[in-house]
Amino acid sequence: MELARAIASRQSINRVRQDPVPDGIIEEILESAVHAPNHKITEPWLFHVFTGKGRGEFARARAETARLQAEEEGEDEEMAAGRISRERKKAFRAPVVITVISRAGRDGVETMENYAACSAAVQNMLLTAHSLGLGAIWRTGPVAYHGHIRAFFGLDEGDHIVAYVYLGYPDMGERPRRREAVAEKTVWHRG
Ligand SMILES: Cc1cc2nc3c(=O)[nH]c(=O)nc-3n(C[C@H](O)[C@H](O)[C@H](O)COP(=O)(O)O)c2cc1C
């Protein structure tokens with residue numbers, strides 16, 4: 001697919017079929033990620049790929065995180081049970097879930113720039129998925145920031161979960177795109 005068309009037509013796809021995605025396709029998507037620009041060639045990304053029954057590990061970590069969050073927020077038992085169950089199910093929304101982690105830099109600026117590089121890597125993944133006929137969505141949510149899930153992924157201080165990329169064959173049509181005109185967001189400084 002031509003690049004400009006891929007960029008303009010990519011959309012977040014939140015409904016995908018459960019059909020498995022071949023490993024070769026997943027590897028192609030990961031390969032596209034590591035070509036993203038990264039300052040000082042820190043290559044700050046780390047990927048965890050969950051497929052098939054492997055998603056169960058992610059589901060358990062999500063559910064346990066939700067249980068702790070409910071406890072911390074003083075939710076009653078019924079509310080907590082609903083929350084835990086919803087979080088567990090989220091791991092199975094797509095046949096493939098890829099967690100994109102940004103590693104800490106040697107100082108605060110490098111950590112921030114590593115996160116920026118990982119964001120570029122995620123966009124490469126979304127565009128590659130789209131160009132291959134797959135649907136993808138970049139998700140985060142409270143379960144991306146809690147200490148329990150951070151521990152599950154073995155994160156140290158300054159490491160971040162940048163995205164959970166949910167991937168699969170689309171089970172939904174296109175939506176109209178909502179974007180303000182770029183002219184509204186642009187200040188020109190002409191000579
Ligand atoms: C950092 C980040 C986090 C996001 N987290 C979520 C999320 O948790 N749930 C969700 O439905 N979409 C999430 N999105 C996707 C946005 O909702 C989506 O990109 C936006 O609605 C624009 O739609 P489009 O991607 O189809 O252009 C996230 C996007 C970014 C960049």
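Methionine 125 makes a handy way into this predicted model. Once its neighbours within four places in sequence are set aside, methionine 125 is in contact with Ile29, Ser32, Ala33, Ala136 and Val165. Met125 also turns up in the largest nonpolar core, a set of 38 residues, where it is one of those touching the most other members. The others on that list are Val97, Val100, Val122, Ala136, Val165 and Leu167. Ala136 and Val165 thus come up twice, as contacts of methionine 125 and as well-connected core members.

As for where the core comes from, helices and strands both chip in. The helices giving two or more residues are α2 (23-33), α3 (55-72) and α5 (108-131). On the strand side, two or more residues come from each of β1 (45-51), β2 (96-102), β3 (135-139) and β4 (160-168).

Next comes the pairing of α3 with helix α4, which covers residues 77-90. The two axes come within 8 Å and cross at roughly 155°. Because angles over 145 degrees count as roughly antiparallel, α3 is roughly antiparallel to α4. The crossing itself is right-handed. On the α3 side, the residues involved are Ala59, Arg62, Ala63, Thr65, Ala66, Arg67 and Ala70. They meet Met79, Ala80, Arg83, Ile84, Glu87, Arg88 and Lys90 in α4. Sorted by class, this contact is a mix of 7 nonpolar, 6 charged and 1 polar residues.

The loops have a few things to show as well. Between α2 and β1 sits lysine 40, with phi near 65°, a positive value in a residue other than glycine. Lysine 40 has 12 other C-beta atoms within 10 Å, so it is exposed, the cut-off for that class being 12 or fewer. Glutamate 43 belongs to the loop between α2 and β1 too, and its phi is also positive, at about 40°, although it is not a glycine. For glutamate 43 the count is 13 C-beta neighbours inside 10 Å, so this residue is partly exposed.

The loop between β1 and α3 holds glycine 52. With 10 other C-beta atoms within 10 Å, glycine 52 is exposed. Its C-alpha atom is separated by 20 Å from that of leucine 132, the two residues being 80 apart along the chain.

Definitions and conventions: Residues are numbered from 1 along each chain as its sequence is written. This is a predicted model: local features need pLDDT of at least 70, side-chain atom pairs count only at pLDDT 80 or more; totals for chains, interfaces and linings use all residues. A nonpolar core is a set of buried Ala, Val, Leu, Ile, Met, Phe, Trp, Tyr and Cys residues joined through C-beta atoms within 7 Å. A residue is buried if 20 or more other C-beta atoms lie within 10 Å of its own, exposed if 12 or fewer, and partly exposed in between; C-beta atoms are placed from the backbone. Helices (H or I, at least four residues) and strands (E, at least two) are DSSP runs, numbered from the N terminus. Two residues are in contact if their C-beta atoms, placed from the backbone, lie within 7 Å. Axes are lines fitted to C-alpha atoms, for helices over the stretch in contact, and angles run from 0 to 180 degrees between N-to-C directions. Angles under 35 degrees count as roughly parallel, over 145 as roughly antiparallel, 65 to 115 as roughly perpendicular and the rest as oblique. A crossing is left-handed if the near helix is turned anticlockwise from the far one by less than a right angle, and right-handed if clockwise. Ala, Val, Leu, Ile, Met, Phe, Trp, Tyr, Cys and Pro count as nonpolar, Asp, Glu, Lys and Arg as charged, and the others, Gly among them, as polar.
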